[in-house]
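Reader: I would like to learn how to read the features of a structure such as this one, step by step. Could you take me through them in turn?

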Amino acid sequence: MRVKNTLIRLFVAIALLVPFGAAAQTSSINAFSPFTMYGIGELNTPGTLPMRSMGGVGVAVRSGGVVNLLNPAAFSAAPQKTFLFDFGLEGQNYYNAQRVSGEAKKTAYNTFNFHDIAFQFPLAKKLGLGFSLTPYSSVGYRIRGDRPYDPSDPVWGNVGRMHSLYEGEGDITEVKVGIGWELFKNFSVGIAAQYYWGSLDRTFTMEVTPITGDGNYVAMKGMDKYVVSSIKGQVGVQWDAVKNTKRVLTVGAAFDFGGDLNPEVTKKIYVNDLVGTVAKNDETHLPLLLPRQLQAGLFYQTAKWSLGADYVYQDWGGRNARVEHTAVSGPDKSSFAVAYTDTHTLKFGAEFTPDRYDIRHFLKRWSYRAGFRCGAYNQTFGGHRLAQYAVTLGIGIPVKQWAVSGIDIGVEYGRRGYNVAERIGLVRQQYVKFSIGFTLFAGAENSEYWFLRPKYD
């Protein structure tokens, strides 16, 4: 009966959380960055919280107690007669700074949303299945601007001051289902299907404050809506190069095939009068490709230490030749060309658990994590690459002695654009993320074996 009650509670929780997570993805609360004005927005850091707290490493992580969202080959590590469920929440504080005409401009914004819902379980001996629902990218910004005074400007001379407002929100969500199989001893392969859906909304409003004429001027508003629905695939491998009772060294790699998002775009321009007169209404499809992605990494484990390093390559630039331009700004009426570019990312992480079997000292059973990630943003502005990095810390708290189930807490500090912001006038961004994750494991640790019919009840 206890097994049945636990199982019922879990599936009720999933039934409640999945619609909440999907609904939350339609708002702008996952990101607040002016860099999300272009393309599909800011990419979310993949992985469950234990891996994100180690800098995001994970392509070679192989554990029956962690759902690996980076490499489907890891699903083969699911122990028999077990079920592993993971749920994560994430809050972020964005701080943006920019110098405009010699004056410092600053803004801050807080967001809060779910990060992942995931589970894995065995299908047969050495064969496991994994599922995850995660945000892939997010758009969120709100920018106001005034047209600088220029006596030769016909708008200023004949109409008056013009105000502009740029707003955007929305998300693209990834659903992933994968299977991992230990093909040979210590060597596993995996394959996964990924489905992307969501919508991104961008608006531009222009208002005029008349200083001449009869004052009969109304605002113009433009709206772009991108609707995404696409499928792509992923394959992965893992090999335990060293495996004995004292240490394990795992080598892992994963390849994403990429694919055409082919978003359906609706573009409208209308007069913001009482009836909202439509001046233009077009529907088209935008050629926008997700990158091919190659990940490779190492993960080393002993009784106390876990150390990992990953390299990630994404060919954004080679598959997306389209170029956009920022709005005209400054006395020289300049603008930046915005284009996708290939990226190279390095990740490093470590975890230390003093003694997971200590029965007297609770803190010695905790896991302490740290990591570092560096690379470049996937878009250039005026040909300039935006450097970015993140530093992560976290702890894992077991819910009871010798338990796999636990609570994870993590924090991440990151910066973007610091290398060129002051020189070319772009926004300098920094953020802090606070995360909490819950892992529920059913198996030998709590004498519950789900999906197994007992002989006696």
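Author: What follows goes from the chain as a whole to its ring pairs, its empty spaces and two of its arginines.

Reader: Before we look at any detail, what kind of model is this, and how many helices and strands does the chain have?

Author: This is a predicted model, and every value below is computed from it. The chain has five helices and 21 strands, and buried residues make up 49% of its 457 residues.

Reader: How far apart in sequence are the residues that the contacts join, and what does the chain expose?

Author: If we take the contacts between residues at least 6 apart in sequence, 69% of them join residues at least 24 apart. The exposed area of the chain is about 22,100 Å², and carbon and sulfur atoms supply 61% of that area.

Reader: Let us turn to the aromatic side chains. How many aromatic pairs are there, and how does one read a single pair?

Author: A pair is read from two values, the distance between the ring centres and the angle between the ring planes, with planes under 30 degrees apart counting as stacked and those over 60 as edge-to-face. The count here comes to 20 aromatic pairs. In one of them, the ring centres of Phe119 and Phe131 are 5.2 Å apart and the planes stand at 25°, so this pair is stacked. Because Phe119 lies in strand 3 (residues 103-124) and Phe131 in strand 4 (residues 127-146), the pair ties together parts that are twelve residues apart in sequence. Phe119 itself is buried, with a relative accessible area of 17%.

Reader: Which class does the pair of Trp305 and Phe352 fall into, and why?

Author: The centres of the Trp305 and Phe352 rings are 4.7 Å apart and their planes are at 40°, so that pair is tilted. Trp305 belongs to strand 14 (residues 305-314) and Phe352 to strand 17 (residues 343-352), so the parts tied together by this pair are 47 residues apart in sequence. Both residues are partly exposed, Trp305 at 41% relative accessibility and Phe352 at 27%. Elsewhere, ring pairs link Phe35, Tyr38, Tyr377 and Phe381 into a cluster.

Reader: How does one find the empty spaces, and how many cavities of 30 Å³ or more does the structure hold?

Author: Rolling a probe the size of a water molecule over the atoms shows where empty space is left. The structure holds four cavities of 30 Å³ or more, and the largest cavity has a volume of about 840 Å³. Its lining consists of 42 residues, of which Leu43, Asn44, Thr45, Pro46 and Gln314 lie nearest the centre of the cavity. Strand 18 gives the largest share of that lining, six residues, and by class the lining has 15 nonpolar, 16 polar and eleven charged residues.

Reader: Which elements supply the lining of the second largest cavity?

Author: The second largest cavity has a volume of about 60 Å³, and its lining includes Leu49, Arg52, Glu90 and Lys433. Helix 2, strand 20 and strand 21 each give two or more residues to this lining, with the largest share, three residues, coming from strand 20. The lining of this second largest cavity divides into two nonpolar, four polar and four charged residues.

Reader: And what can be said of the second largest pocket, beginning with its volume?

Author: The second largest pocket has a volume of about 1,400 Å³. Of the 49 residues that line this pocket, Ser63, Gly65, Gln301, Glu351 and Arg356 are the closest to its centre. Among the elements that supply at least two residues each to the pocket lining are helix 2 (49-52), strand 7 (220-243) and strand 13 (293-301). The pocket lining comprises 20 nonpolar, 16 polar and 13 charged residues.

Reader: Finally, where do Arg360 and Arg428 lie, and is each of them buried or exposed?

Author: Arg360 is in the loop between strand 17 and strand 18, and this arginine is exposed, with a relative accessible area of 75%. Its C-alpha atom is separated by 9.9 Å from that of Gln401, a residue 41 places away along the chain. Arg428 has its place in strand 21 and is partly exposed, with a relative accessible area of 28%. Arg428 and Tyr95 are 333 residues apart in sequence, yet 8.5 Å apart in space from C-alpha to C-alpha. Beyond its neighbours within four places in sequence, Arg428 is in contact with residues including Tyr95, Asn96, Arg415 and Glu422.

Note on methods:
Residues are numbered from 1 along each chain as its sequence is written. This is a predicted model: local features need pLDDT of at least 70, side-chain atom pairs count only at pLDDT 80 or more; totals for chains, interfaces and linings use all residues. Side-chain values use heavy atoms; hydrogens and water are left out. Rings of Phe, Tyr and Trp (its six-membered ring) pair if their centres lie within 6.5 Å; planes under 30 degrees apart count as stacked, over 60 as edge-to-face and the rest as tilted. Helices (H or I, at least four residues) and strands (E, at least two) are DSSP runs, numbered from the N terminus. Buried means under 20% relative accessible area, exposed over 50%, partly exposed in between (1.4 Å probe, protein chains only). On a 1 Å grid over the protein atoms alone, a cavity is a set of points where a 1.4 Å probe fits but cannot get out, and a pocket is an open set with protein on both sides within 12 Å along at least five of seven lines; lining residues have an atom within 4 Å of a point. Grid points are joined across faces, edges and corners, and a volume is the space filled by probe spheres set on the points. Ala, Val, Leu, Ile, Met, Phe, Trp, Tyr, Cys and Pro count as nonpolar, Asp, Glu, Lys and Arg as charged, and the others, Gly among them, as polar. Contact means heavy atoms within 4.5 Å. Accessible areas come from the Shrake-Rupley method with a 1.4 Å probe; for residues, only the protein chains shown count as cover.
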